[in-house]
Amino acid sequence: MDNPAENVSTLLKEWEDVKIRLEQLFRERDQKNAKGWMEKGIALFIQFLYYTNEESSTPSDSIPFQQFYFKPVNIEERLGFIMARPGLYHSYRQLSELMVEQEKLFVKKTIVKKSSRP
């Protein structure tokens, strides 16, 4: 991971595009197309989780939640719900909340890291 802040900035810009598209699809009640965009959003969130915790993501089915220090509350249940029902508007709302929480954790981690330097 060369520059985590730069990677996160790019990731958040991409999420903003996905979010705008999802809002439009859910407004139009287009669950079929929303599902694909939700899967893209879920992938971005998982990538963000790895970046924040300075872990390299390995393509596998299970996410090692217990090894992450910076993660939203009840992440396993919440992400499980979203992944099981990506076509639901409620899943989109939950994913948006997770992204906001993860962004706050990333900022917090960055501040703590900077203040701990001599």
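The following dialogue examines how the terms applied to this predicted model are justified.

Visitor: What kind of model is this, and how are residues numbered?

Guide: The model is predicted, so local features need pLDDT of at least 70 and side-chain atom pairs count only at pLDDT 80 or more, while totals for chains, interfaces and linings use all residues. Residues are numbered from 1 along each chain as its sequence is written, and side-chain values use heavy atoms, with hydrogens and water left out.

Visitor: What makes a stretch a helix here?

Guide: Helices are DSSP runs of H or I with at least four residues, and strands are runs of E with at least two; both are numbered from the N terminus. Helix 1 comprises residues 4-27, helix 2 spans 31-52 and helix 3 spans 75-84, and helix 4 covers 89-115.

Visitor: Why is Gln66 called exposed?

Guide: Buried means under 20% relative accessible area, exposed means over 50%, and partly exposed lies in between, with a 1.4 Å probe and protein chains only. Gln66 has a relative accessibility of 65%, and therefore counts as exposed. Gln66 is located in the loop between helix 2 and helix 3. Its C-alpha atom is separated by 26 Å from that of Thr10, which is 56 residues away along the chain.

Visitor: Why is Ser91 called buried?

Guide: The relative accessible area of Ser91 is 0%, so Ser91 is buried. Ser91 belongs to helix 4. Contact means heavy atoms within 4.5 Å; leaving aside residues up to four places away in sequence, Ser91 touches Met38, Phe81, Ile82, Arg85 and Pro86.

Visitor: Why does Glu14 count as partly exposed?

Guide: With 34% relative accessibility, Glu14 falls between the two cut-offs and so counts as partly exposed. Glu14 is part of helix 1, and it touches Lys40 and Leu44 when residues up to four places away in sequence are not counted. Glu14 and Lys40 stand 26 residues apart in sequence, with a C-alpha to C-alpha separation of 9.7 Å.

Visitor: What is notable about phi at Arg29?

Guide: Most residues other than glycine have a negative phi. Arg29 is not a glycine, yet its phi is positive, at about 55 degrees. Arg29 sits in the loop between helix 1 and helix 2 and is exposed, because its relative accessible area is 73%. Glu54, another residue other than glycine, has a positive phi near 50 degrees. Glu54 is placed in the loop between helix 2 and helix 3, and its 38% relative accessibility makes Glu54 partly exposed.

Visitor: How do you know that the buried residues of helix 3 lie on the same side?

Guide: The buried residues of helix 3 are Ile75, Arg78, Leu79 and Ile82. They cover an arc of only 90 degrees around the axis, which puts them on the same side of helix 3; the arc is that of the directions from the helix axis to the C-beta atoms. An α-helix has 3.6 residues a turn, so residues three or four places apart point the same way. The face turned away from the buried side of helix 3 carries the exposed residues Glu77 and Ala84. The buried residues of helix 3 pack against helix 2 and helix 4.

Visitor: Why is helix 2 called roughly antiparallel to helix 3?

Guide: Helix 2 and helix 3 pack at about 160 degrees, with axes 11 Å apart. This angle makes helix 2 roughly antiparallel to helix 3, because angles over 145 degrees count as roughly antiparallel, under 35 as roughly parallel, 65 to 115 as roughly perpendicular and the rest as oblique. Axes are lines fitted to C-alpha atoms, for helices over the stretch in contact, and angles run from 0 to 180 degrees between N-to-C directions. The contact is made by Met38, Ile42, Phe45, Ile46 and Leu49 of helix 2 and Ile75, Leu79, Ile82 and Met83 of helix 3.

Visitor: What makes helix 3 oblique to helix 4?

Guide: The axes of helix 3 and helix 4 come within 9 Å and cross at roughly 140 degrees. That angle belongs to none of the other classes, and therefore helix 3 is oblique to helix 4.
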